[in-house]
Amino acid sequence: MELLLNRVIKGEKCTIGHLLVDGKFECYMLEDKDRGLSDNMSLEEIKEKKVFAQTAIPTGRYEVVISFSNRFQQYLPLITAVKGFSGIRIHPGNTHEHTEGCPLTGTSHTDTQVLNSRAAFRQLFTKIKKVEKKEKIFITIQ
C-alpha cells in the first residue's frame with residue numbers, strides 16, 4: 001500500500017496536507033510547521049532546524065507499521081526510521097497542539113485545524129489494517 005501526503009498549506013504553526021491511498025484521496029492531514037526538513041539532510045542539519053514538538057517530519061519515503069502505542073494505549077500506525085524523530089504515529093487530533101510531530105487525520109480542515117478527526121482516522125486505519133499482514137505499507141511525504 002502506498003500513502004502519499006502532499007503538503008498544501010504551510011502556515012506559521014501548522015501544515016495541512018492531502019493524503020492519498022494508492023492514488024485516491026483519503027483525508028486531510030495536519031502536521032506541525034514545515035521547517036524544510038528532508039530525509040536527505042544529515043542528522044546534524046535536521047537537529048539544527050528542528051524545534052521539539054513543533055516541527056513536521058522530513059519529506060521522504062518511510063515504512064508504516066502497526067504497533068502498540070504505550071502513550072495512547074492502543075494500536076496505531078507508526079512511521080518508522082524518521083531521521084531525528086521517534087514515536088511518529090498517525091492518530092486523531094485537531095490542532096498543532098495535538099501533534100508533537102505526528103500527522104493527524106481529518107475529513108475537512110481550516111487553515112489551522114482538521115475536523116472530524118476520529119472518523120477520518122477510523123476509515124484510514126481500517127484500510128491499513130486490512131493489508132498490513134499481506135503487504136508493506138509506505139508513506140511518501142512531499
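# Arg-89 and the salt bridges

Student: A polar contact joins the side chains of Arg-89 and Ser-67; how many Å is this contact?

Tutor: The model is a predicted one, in which local features need pLDDT of at least 70, side-chain atom pairs count only at pLDDT 80 or more, and totals for chains, interfaces and linings use all residues. Residues are numbered from 1 along each chain as its sequence is written, and side-chain values use heavy atoms, without hydrogens and water. A polar contact is a pair of N or O atoms within 3.5 Å; within protein, one must be able to donate a hydrogen and the other to accept it, and residues adjacent in sequence count only if both atoms are side-chain atoms. Between the side chains of Arg-89 and Ser-67 the value is 3.0 Å.

Student: Which backbone oxygen lies 3.0 Å from a polar atom of the side chain of Arg-89?

Tutor: Arg-89 belongs to strand 6 (residues 88–89), where strands (E, at least two residues) and helices (H or I, at least four) are DSSP runs numbered from the N terminus. Beyond its neighbours within four places in sequence, Arg-89 has contacts (heavy atoms within 4.5 Å) with residues including Ser-67, Pro-77, Leu-78 and Cys-102. The backbone oxygen at 3.0 Å belongs to Leu-76.

Student: Which residue in strand 5 is the bridge partner of Ser-67?

Tutor: Strands 4 and 5 run antiparallel and are joined by six bridges; two strands pair if DSSP finds at least two bridges between them. In their hairpin, with four residues between the strands, Gln-73 has a positive phi near 55°. The partner of Ser-67 is Leu-76.

Student: Which residue stands opposite Arg-89 of strand 6?

Tutor: Strand 5 also pairs with strand 6, in the antiparallel sense and over two bridges. Opposite Arg-89 stands Leu-78.

Student: Arg-89 has no salt bridge; how far away is the nearest side chain of opposite charge?

Tutor: A salt bridge requires a side-chain nitrogen of Lys or Arg within 4 Å of a carboxyl oxygen of Asp or Glu. For charge, Lys and Arg count as positive and Asp and Glu as negative, while His and the chain ends are not counted. Arg-89 is buried (under 20% relative accessible area; exposed is over 50%, partly exposed in between, with a 1.4 Å probe and protein chains only). The nearest side chain of opposite charge is Glu-132, at 11 Å.

Student: Which residue forms a salt bridge with Glu-132?

Tutor: Glu-132 is partly exposed, at 27% relative accessibility. Its partner counts as exposed, at 73%. With closest N and O atoms 3.3 Å apart, that partner is Lys-133.

Student: How many residues apart are Glu-12 and Lys-33, whose pair links distant parts of the chain?

Tutor: The side chains of Glu-12 and Lys-33 meet in a salt bridge of 3.8 Å, N to O. Glu-12 lies in the loop between strand 1 (2–10) and strand 2 (14–21), and Lys-33 in the loop between strand 3 (24–32) and helix 1 (43–49). Glu-12 is exposed at 64% relative accessible area, whereas Lys-33 is buried at 19%. Their separation in sequence is 21 residues.

Student: How many salt bridges does the structure hold?

Tutor: Another pair is Arg-71 with Glu-100, whose closest N and O atoms are 3.5 Å apart. In addition, Arg-7, Lys-10, Glu-31 and Asp-34 are linked in a network of salt bridges. For the structure, the number is nine.
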